[in-house]
Amino acid sequence: MPAASSYAESAQRTFERIEKSKLNAFITLNKQQALQTARDVDDGKVTGRLAGMTVAVKDCITTKGLQTTCASKILTGYVPPFDAEVVARLRHEGAVITGKTNMDEFAMGTSTESSYYGPTRNPWDLTRVPGGSSGGSAAAVAGLESRMALGTDTGGSVRCPAAFCGVVGIKPTYGLVSRYGVVEYANSLEQVGPIARNVPDAALLLDVIAGGDPKDSTSVAEADKVTYTDHLVDDVKGLTIGVPEEFFGEGLDKRVEKAVWDGIMTLNKLGADYRKVSLPHTKYSLSAYYIIAMCEASSNLARFDGLRYGLRTGKDENWHTTFSRIRAEGFGAEVKRRIMLGTYALSEGYYGQYYLKALQVRTLIKNDFERAFKDVDVMAAPTMPAPAFRLGEKTDDPLSMYLADVNTLPVNLAGIPSISVPCGFAGRLPIGMQLMGKFFDEPLLIRTAYTFECNTDFQKLPEGF
Amino acid sequence: MITEKDVEHIGSLACVDLTDQETELFAKQFNSILEYFKELDGVNTENVEPTYHVIGLTNVFREDVADESLPQEAALANTAKKEKGFIKGPRIV
């Protein structure tokens with residue numbers, strides 16, 4: 001097929017591809033508006049750093065005039081009257097927003113199977129999950145259904161699907177990107193992050209979305225001083241890479257272990273030094289993360305009662321009866337589990353045992369990173385302990401699903417940035433290497449990831465794409 | 001040990017009605033998940049401060065300046081039950 005001669009033609013082709021796709025990467029398409037934006041770019045009426053580029057947006061990020069469901073029945077039909085700050089920034093830079101991508105319901109999951117709209121499939125193998133919770137965003141990018149995408153990462157939800165789908169995903173430092181208009185699941189852990197087919201696109205998208213925002217009091221102005229694309233430099237000479245031994249423990253797939261070590265040796269050949277480091281509290285990340293996330297979720301999701309927006313079915317009785325019925329109808333099983341476990345952990349008599357304890361353990365995990373980063377510049381580890389699993393493989397056992405997040409969670413607890421880059425294959429399934437950095441050291445992560453990408457050949461397209 | 005009765009109580013606190021099957025399933029799953037969380041009991045956290053927020057921001061204030069807000073019509077556009085520009089809720093008791 002010849003190259004498209006205009007942004008409008010290119011966008012049109014993207015929608016044709018999406019409409020016949022088997023991936024189920026999107027919940028809602030933004031076709032009419034997207035094609036109009038593309039035409040406006042062609043006519044010179046719209047300009048910007050993302051002018052004419054197709055960008056998909058995860059469905060927990062609020063889009064004015066475009067249905068935003070969080071992949072939940074309870075928000076089906078909800079059309080927000082405002083834009084999230086990150087979406088306003090996309091529009092300001094001329095992005096062609098293709099639509100809203102599928103996800104685990106309220107971003108609670110590792111496989112995109114808990115969506116009310118059915119699972120998304122992995123473009124590398126349609127019988128496997130794309131990872132989660134931003135599975136639609138990663139599958140859309142890997143399957144050429146958008147050039148780039150926004151996801152959110154609460155416990156790995158950008159990096160996991162990026163690894164499973166063979167693309168690049170960045171979890172920024174907590175506070176780097178505004179969360180205004182992002183539907184909250186666990187507010188002290190989550191950040192919006194870019195997903196793209198290569199590091200330069202991911203850096204460009206980060207440049208657009210990062211920055212302080214008066215509408216989000218947890219955002220900081222750190223990014224306003226930095227241009228991430230300036231750090232696309234093919235050079236890692238003199239860097240020291242830490243290899244945290246706890247991330248290479250029991251349960252790690254041998255093929256993943258080899259691919260990541262090969263990646264570290266590649267960086268070593270390019271002039272980086274490496275040494276093993278220890279993050280001794282890593283093994284407690286899973287419990288600490290899930291307790292904190294569930295507690296925050298139980299509070300954040302209290303707002304969904306069908307009163308102001310969302311599902312409001314049946315006859316009204318008293319408020320408790322009415323809301324309890326609406327929430328029972330509107331939430332899926334995993335959301336109910338997390339809200340209820342959070343409610344339990346915060347209930348009288350259990351606060352100290354669960355929530356407070358988890359927050360203290362979080363301090364220990366954060367301290368581990370701070371200590372280790374005194375001796376190394378970045379750390380490298382497997383993003384996921386194994387390649388993409390099969391649809392349905394873990395849905396009956398929530399704990400086995402949680403365990404898949406073991407390598408991504410510590411980063412969110414510590415608040416540091418991380419980038420997942422493709423580093424090999426297990427058969428035809430992609431493997432991701434996770435690079436972790438110091439607070440606000442995205443520039444060095446981007447440089448390291450870019451150097452790796454320039455000197456390797458893992459940026460492939462799935463068969464048939 | 002979480003019983004089915006406990007699960008029903010938590011459901012009521014969380015405002016989520018549960019079917020009998022859900023109550024039975026959740027009781028089983030909650031026990032295995034909470035059992036896993038017990039590993040934290042073995043971590044020495046004496047004199048360790050909790051981390052509520054990773055970058056240690058304190059209160060962030062802005063000037064108290066009136067700004068444009070959503071028109072009532074837009075604010076109520078997603079509301080299923082409304083009357084005379086107000087949201088209509090179920091009765092309290």
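The exercises below concern charge pairs, surface patches and burial in a predicted model.

**Exercise 1. Classify the salt-bridge partners A:Glu334 and A:Arg338 as buried or exposed, and place them in the secondary structure.**

Step 1. The side chains of A:Glu334 and A:Arg338 are joined by a salt bridge in which the closest N and O atoms are 2.7 Å apart.

Step 2. Both residues belong to helix α10 of chain A, which covers residues 333-346, and they stand 4 residues apart, about one turn of the helix.

Step 3. The relative accessibility of A:Glu334 is 12%, so this residue counts as buried, and A:Arg338, with a relative accessible area of 2%, is buried as well.

**Exercise 2. Determine how the burial of the partners compares in the salt bridges A:Arg312 to A:Asp316 and B:Lys38 to B:Glu35.**

Step 1. A:Arg312 and A:Asp316 meet through their side chains at 2.8 Å, taken from N to O, whereas for B:Lys38 and B:Glu35 the closest N and O atoms are 3.4 Å apart.

Step 2. For the pair in chain A, A:Arg312 counts as buried because its relative accessibility is 10%, while A:Asp316, at 22%, counts as partly exposed.

Step 3. For the pair in chain B, the value of 44% makes B:Lys38 partly exposed, and B:Glu35 is likewise partly exposed, at 48% relative accessibility.

Step 4. Salt bridges may also share partners, and in this way A:Glu85, A:Arg89, A:Asp213 and A:Lys215 are joined into one network. Over all chains, a search of the whole structure finds 32 salt bridges.

**Exercise 3. Describe the surroundings of A:Glu85, a member of that network.**

Step 1. A:Glu85 is placed in helix α3 of chain A, which spans residues 85-92.

Step 2. With a relative accessible area of 13%, A:Glu85 falls under the 20% limit and is therefore buried.

Step 3. When neighbours within four places in sequence are left aside, A:Glu85 is in contact with A:Ser178, A:Tyr180, A:Asp213 and A:Lys215; of these, A:Asp213 and A:Lys215 also belong to the salt-bridge network.

**Exercise 4. Identify the residues of the negative surface patch and of the nonpolar surface patch, and characterise one residue of each.**

Step 1. The patch of negative charge gathers B:Glu4, B:Glu8, B:Asp20 and B:Glu24 on the surface, and helices α1 (4-13) and α2 (20-37) of chain B each supply at least two of its residues.

Step 2. B:Glu24 is found in helix α2 of chain B, and its relative accessible area of 43% makes this residue partly exposed.

Step 3. The nonpolar patch is formed by A:Trp319 together with B:Ile92 and B:Val93, and these residues have about 350 Å² of accessible area together.

Step 4. B:Val93 lies in the segment that follows strand β2 (86-87) of chain B, and its relative accessible area of 75% means that the residue is exposed.

**Exercise 5. Establish which residues B:Phe37 touches beyond its sequence neighbours, and whether B:Phe37 is buried or exposed.**

Step 1. B:Phe37 lies in helix α2 of chain B, and its relative accessible area is 4%, so the residue is buried.

Step 2. Leaving aside neighbours within four places in sequence, B:Phe37 is in contact with A:Ser287, A:Tyr290, A:Ile291, A:Met294 and A:Tyr354.

Step 3. Within chain B, the C-alpha atoms of B:Phe37 and B:Val65 are separated by 46 Å, with the two residues 28 apart along the chain.

Note on methods
Residues numbered from 1 in each chain as written. Chains lettered and ligands numbered in written order. Predicted model: local features only at pLDDT ≥ 70, side-chain atom pairs only at ≥ 80, totals over all residues. Heavy atoms only, no water. Patch = residues over 30% accessible without salt bridge, like charges linked within 9 Å, V, L, I, M, F, W, Y side chains within 5 Å. Areas by Shrake-Rupley, 256 points an atom, 1.4 Å probe, with all protein chains shown as cover. Salt bridge = Lys/Arg side-chain N within 4 Å of Asp/Glu carboxyl O. Lys, Arg positive; Asp, Glu negative; His and termini not counted. Charge placed at Lys NZ, Arg CZ, Asp CG, Glu CD. Buried < 20%, exposed > 50% of the residue type's maximum accessible area, 1.4 Å probe, protein only. Contact = heavy atoms within 4.5 Å.
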